[in-house]
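Here are some friendly notes to read alongside the structure. Keep the viewer open and find each residue as it comes up.

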Amino acid sequence: MNAKLTPAPAPPGLDAFWMPFTANRQFKANPRMLARAEGMNYWTADGREVLDAVAGLWCVNAGHGRREITEAVARQLQTMEFAPTFQMGHPSAFELANRLVEIAPPGMERVFFTNSGSEAVDTALKIALAYQRARGVATKTRLIGREKGYHGVGFGGISVGGIVNNRKFFSAAMIPGVDHMPHTYDLEHNAYSRGLPPWGAHLAGDLERIIALHDASTIAAVIIEPISGSAGVILPPVGYLQKIREICNKHDILLIFDEVITGFGRIGSPFAAQQFEVTPDLMTTAKGLTNGAVPMGAVFAQRKIYDAFMQGPENAIELFHGYTYSAHPIACAAGLATLDIYQREGLLRRAASLAPRLENAVHSLKGLPNVIDIRNYGLIGAVELEPRAGKPTARAYDVFLKCFERGVLVRAAGDVIAVSPPLIVEEKQIDRIFEVLGQALRETA
Ligand SMILES: Cc1ncc(COP(=O)(O)O)c(C=O)c1O
């Protein structure tokens, strides 16, 4: 872990930084500055310790300040700060791809690097479209997403995504030919389920309706999050993902899993695909790939998809896509060091053994004021609150603030409080997170 550093002084002014996904005026009136991090904790600029119950933003899976990652990045910076991967290569890019394939779901033997989850999503959608064309089925151009889905903020991602605020301002620029399956959120049937909800596998059948409407010959791919995170932790009903897979197989449609939050051990296996025993054709990842230390994303592809591109003259570029910083050497160094830690410390499976503790802790909040549902899986917990009349999201925000004041960082997503601690979390820290959340709920009208 890092030696203690003196916190940076507060910046002179807050105006210039246009903050992402933030109520800028509200934040700038009452800023919350993080200055240092180590293990399970952040420290604020004024020196207060804060237990990180959200792994930064679902990404710091091995905990903060991991010396191996810092050192690997420093070494790489000193050796070669940048190398292009267009028509050139550098060893750690190939090594990282090989190492990722070793922990990937069956058959996912090819890896395309990006710099974020959003870029991974847009890359996967483009690969899906180009694949259909490469294998001679150029009519397959439609993409199917899902209501309440979050796939980042690129135009492809918001088009297949299903969160209205992320879409409505950009409606004129949505990519054409997209349709959406229904979400699986249903409190009437599934409230307070522990783990996967029992009701709702039949909702996968709606994909058949969409296919009947558009015809399978027009559909390239279906993209879903195995567990929706940003929409407030929505779990797949038992049997749902299997059914989606079967329907995609039946109609020769690619299945893309967006594993940007479920990847890298969050739910007890390296990827949700393995946990749920459903193998997609393409898989998007980011966040935990480098422990959040350096921006990086990766799209995993089944071998057959890559192979379909490897035709034509050998001097021809097979996929006209890529980023200047695809497989950036610094990100690769961080990724390799991160995988070493995950493997040495068994972190990619650790969530499975801690899940029962988190499940009991989060469900102990049932009955507290304004709680209308509790959901959990692996090291993810969520408490849904009754929205204040006419003021959606305000109550969860107040609970988030109260937790922060008491030294625990949770995440408010709409009217849901989400918890997703680093995978190094100890049982006592799980208890503390939910104890503080419970106090905050009691104090928030
Ligand atoms: C499922 C999913 N896909 C894509 C993204 C976008 O990732 P990024 O913010 O790195 O672009 C996120 C981010 O939270 C996500 O949860």
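In which helix is the place of Leu-358? Point 1 starts there; please bear in mind throughout that this is a predicted model.

1. **Leu-358.** Leu-358 has its place in helix H14. Is Leu-358 buried or exposed? Leu-358 is buried, because 25 other C-beta atoms lie within 10 Å and the cut-off for a buried residue is 20 or more. Leaving aside residues up to four places away in sequence, Leu-358 touches Asn-376, Leu-379, Gly-381 and Ile-430. For a sense of distance, try Leu-409: from Leu-358 to Leu-409 there are 51 residues in sequence and 16 Å in space, C-alpha to C-alpha.

2. **The sheet with S11 and S12.** Two of the residues touched by Leu-358, Asn-376 and Gly-381, turn up again here. Asn-376 stands opposite Gly-381, which is in S12. Strand S12 (residues 380–385) and S11 run antiparallel and are joined by six bridges. Now widen the view: an open sheet is made of four strands, ordered S11-S12-S15-S14, with antiparallel pairing. Strand S11 (371–377) and strand S14 (411–413) each have a single partner strand and stand at the edges, so one side of each has no neighbour in the sheet. From one strand to the next, the twist averages 20°.

3. **Helix H13.** Next, follow the 16 residues of helix H13 (residues 329–344). From its first C-alpha to its last, H13 reaches 22 Å, close to the 22 Å expected at 1.5 Å a residue. Many names appear on its list of buried residues, including Pro-329, Ile-330, Cys-332, Gly-335, Leu-339 and Tyr-342. Which helices do the buried residues of H13 pack against? They pack against helix H3 (67–79), helix H4 (91–103) and helix H14 (347–363), and H14 is the helix that holds Leu-358. Just after H13, look for Gly-346, whose phi is positive at about 65°.

4. **H4 against H13.** Two packed helices are described by the angle between their axes and the distance between the axes. For H4 and H13, the axes come within 9 Å and cross at roughly 35°. The crossing of H4 past H13 is left-handed. On the H4 side, Ser-92, Ala-93, Glu-95, Leu-96 and Arg-99 take part, meeting Pro-329, Cys-332, Ala-333, Gly-335, Leu-336 and Leu-339 of H13. Sorted by kind, the residues of this contact are seven nonpolar, two polar and two charged.

5. **The S1 and S2 hairpin.** Strand S1 (residues 34–38) pairs with strand S2 (residues 41–44) in the antiparallel sense, over four bridges. One pair to find is Leu-34 and its bridge partner in S2, Thr-44. The hairpin has two residues between the strands, and Gly-39 in this hairpin takes a positive phi near 60°.

6. **Positive phi outside glycine.** Two other residues deserve a look. Trp-58, in helix H2 (residues 55–58), has a phi near 65°, a positive value in a residue other than glycine. Trp-58 is buried, with 24 other C-beta atoms within 10 Å. Where is the place of Asn-291? Asn-291 sits in the loop between strand S9 (282–285) and strand S10 (297–302). The phi of Asn-291 is positive too, near 60°, and this residue is not a glycine. Asn-291 is also buried, with 28 other C-beta atoms within 10 Å.

How values were computed. Residues numbered from 1 in each chain as written. Predicted model: local features only at pLDDT ≥ 70, side-chain atom pairs only at ≥ 80, totals over all residues. Expected span 1.5 Å × (residues − 1). Buried ≥ 20, exposed ≤ 12 C-beta atoms within 10 Å, placed from the backbone. Contact = placed C-beta atoms within 7 Å. Axes fitted to C-alpha atoms, helices over the stretch in contact; angles between N-to-C directions. Left-handed = near helix turned anticlockwise from the far one by under 90°. Nonpolar A, V, L, I, M, F, W, Y, C, P; charged D, E, K, R; others polar. Pairing = 2+ DSSP bridges.
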